[in-house]
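Visitor: I would like a close look at how the helices are packed here, beginning with one pair. Please take that pair apart residue by residue, then say how the surroundings look by the same treatment.

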Amino acid sequence: MAQRICFLGRGGSGKSTVAQNLSHALALKGYRVLLVGNDTSLSSTVLLRGEADISPALEDYREHYEIDLNDYVIPTPSGVYCLELGSIDPGLGCLARGINMIDEMLDSQGVCDALDLDMILYDISGETPCTGYILPIREGVMHRCVIVTNGSFASITTANSILQAVVQASGADGMPVQLVVNNASCAETQNELVSYAEKVNIQILASLDYCRELEYSSLAGKTVFATAPDSACAQCLRQLADRLLAVPAFSPLTPFPRRELLTWLRCWQRRELSRRLALDHALDHREDCDG
């Protein structure tokens, strides 16, 4: 049975970029991977398929009420299979709710068996823990959850809300949840995120420091394995793939209650302000000396 892993996080955290590069890394290791995109722009798979056209499955399903999902899964040069779910009209439903239905169709229509899939990665869009994307967790469709965050305060707030929703949805048995830190701005920010992870009892799967190769490859519409396969960034992503393959140890999550989260964030903001003022002061002093 293919392992299902959902990727969640705030928009702008780099979640889709991480999911696509990680899918490519797993394919290069010989695993048969399907990446399912759940974004209105169909951008969850664009780095893998390039300019190849892809038809959004859920949009056609809503129009015809019957589709053959095999027609919507496309192979890519990376070795990763891609499926995009598409959009909905504003105000007419939940974009993420269709994931359960699509997942059932992957099995009932024989797609998983035909492709002999090892892993299905779901890139699920969403800013807040709505019922739509928590439903696959509550009903046991997903085997694991990976939250992607960066160094912004808003991103951590979203991550904590997702943790609270996962704890409530998964019940007493729980489910493995891991954190990927993407593009944290400096060592001090990374230390704050490590502190957060320790307090809420979540494992940091990887910290992806800012790297130019990843930015340039994304702008080129490709993964880093297509543009800079020998780079340090590519090696870091290969290591991330290895960690993802390892069986995670389950530990009870302890997300912050709202008041405690706000207090923790305010303390972080004060420390960050002090750090930046000190850097500015040192820079001004250096300019005075140079002048």
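Guide: An axis here is a line fitted to C-alpha atoms, for a helix over the stretch in contact, and the angle between two axes runs from 0 to 180 degrees between N-to-C directions. Two packed helices are described by the angle between their axes and the distance between the axes. The model is a predicted one.

The pair to begin with is H7, residues 153-170, and H8, residues 187-200. Their axes are 12 Å apart, and the packing angle is about 15°. Angles under 35 degrees count as roughly parallel, so H7 is roughly parallel to H8. The crossing of H7 past H8 is right-handed. From H7, the residues making the contact are Ile156, Ala159, Asn160 and Leu163, and from H8 they are Leu193, Tyr196 and Val200. By class, six of the residues in this contact are nonpolar, one is polar and none is charged.

H7 can also be checked for length. Its 18 residues, at 1.5 Å a residue, should span 26 Å, and the end C-alpha atoms are 26 Å apart, so the two values agree. The buried residues of H7 are Ser155, Ile156, Thr158, Ala159, Asn160, Ile162, Leu163, Ala165, Val166, Ala169 and Ser170. Set beside the contact list, this shows that Ile156, Ala159, Asn160 and Leu163 are buried and also belong to the contact with H8.

On H8, consider Glu192, a residue of that helix. Is Glu192 buried or exposed? Its relative accessibility is 12%; buried means under 20%, so Glu192 counts as buried. Leaving out residues up to four places away in sequence, Glu192 touches Trp264, Trp268 and Arg271. Beyond H8, the loop between H8 and strand E8 (203-208) holds Asn201. Asn201 is not a glycine, yet its phi is positive, at about 65°. Most residues other than glycine have a negative phi. With a relative accessible area of 32%, Asn201 is partly exposed.

A second pair is H1, residues 15-28, and H11, residues 232-245. Their axes come within 9 Å and cross at roughly 80°. Angles from 65 to 115 degrees count as roughly perpendicular, which makes H1 roughly perpendicular to H11. H1 supplies Val18, Asn21, Leu22, Ala25 and Leu26 to the contact, and H11 supplies Leu237, Leu240, Ala241, Leu244 and Leu245. Sorted by class, the contact has nine nonpolar residues, one polar and no charged.

Asn21 of H1 deserves a separate word. Its relative accessibility is 0%, so Asn21 counts as buried. Outside its neighbours within four places in sequence, Asn21 is in contact with Leu47, Leu214, Thr223, Val224, Phe225 and Leu237. Of these partners, Leu237 is also among the residues by which H11 makes its contact with H1.

A third pair is H3, residues 57-64, and H4, with axes 11 Å apart and an angle of about 90°. H3 and H4 are therefore roughly perpendicular to each other. Ala57, Leu58 and Tyr61 of H3 meet Gly98, Met101 and Ile102 of H4. This contact has five nonpolar residues, one polar and no charged. H4 covers residues 98-108, and its buried residues are Gly98, Ile99, Asn100, Ile102, Asp103, Met105 and Leu106. Just after H4 comes Gly110, whose phi is positive, at about 75°.

H5, residues 111-115, contains Ala114. Ala114 has a relative accessible area of 56%; exposed means over 50%, so Ala114 is exposed. Ala114 and Asn70 are 44 residues apart along the chain, and their C-alpha atoms are separated by 9.1 Å. Asp116 is placed in the loop between H5 and strand E5 (119-124). Its phi is near 55°, again a positive value in a residue other than glycine.

For the wider setting, the protein has 12 helices and eight strands. Of its 291 residues, 48% count as buried. Taking contacts between residues at least 6 apart in sequence, 79% join residues at least 24 apart.

Conventions: Residues are numbered from 1 along each chain as its sequence is written. This is a predicted model: local features need pLDDT of at least 70, side-chain atom pairs count only at pLDDT 80 or more; totals for chains, interfaces and linings use all residues. Side-chain values use heavy atoms; hydrogens and water are left out. Helices (H or I, at least four residues) and strands (E, at least two) are DSSP runs, numbered from the N terminus. Buried means under 20% relative accessible area, exposed over 50%, partly exposed in between (1.4 Å probe, protein chains only). Contact means heavy atoms within 4.5 Å. Angles under 35 degrees count as roughly parallel, over 145 as roughly antiparallel, 65 to 115 as roughly perpendicular and the rest as oblique. A crossing is left-handed if the near helix is turned anticlockwise from the far one by less than a right angle, and right-handed if clockwise. Ala, Val, Leu, Ile, Met, Phe, Trp, Tyr, Cys and Pro count as nonpolar, Asp, Glu, Lys and Arg as charged, and the others, Gly among them, as polar. The expected span of a helix is 1.5 Å times one less than its number of residues.
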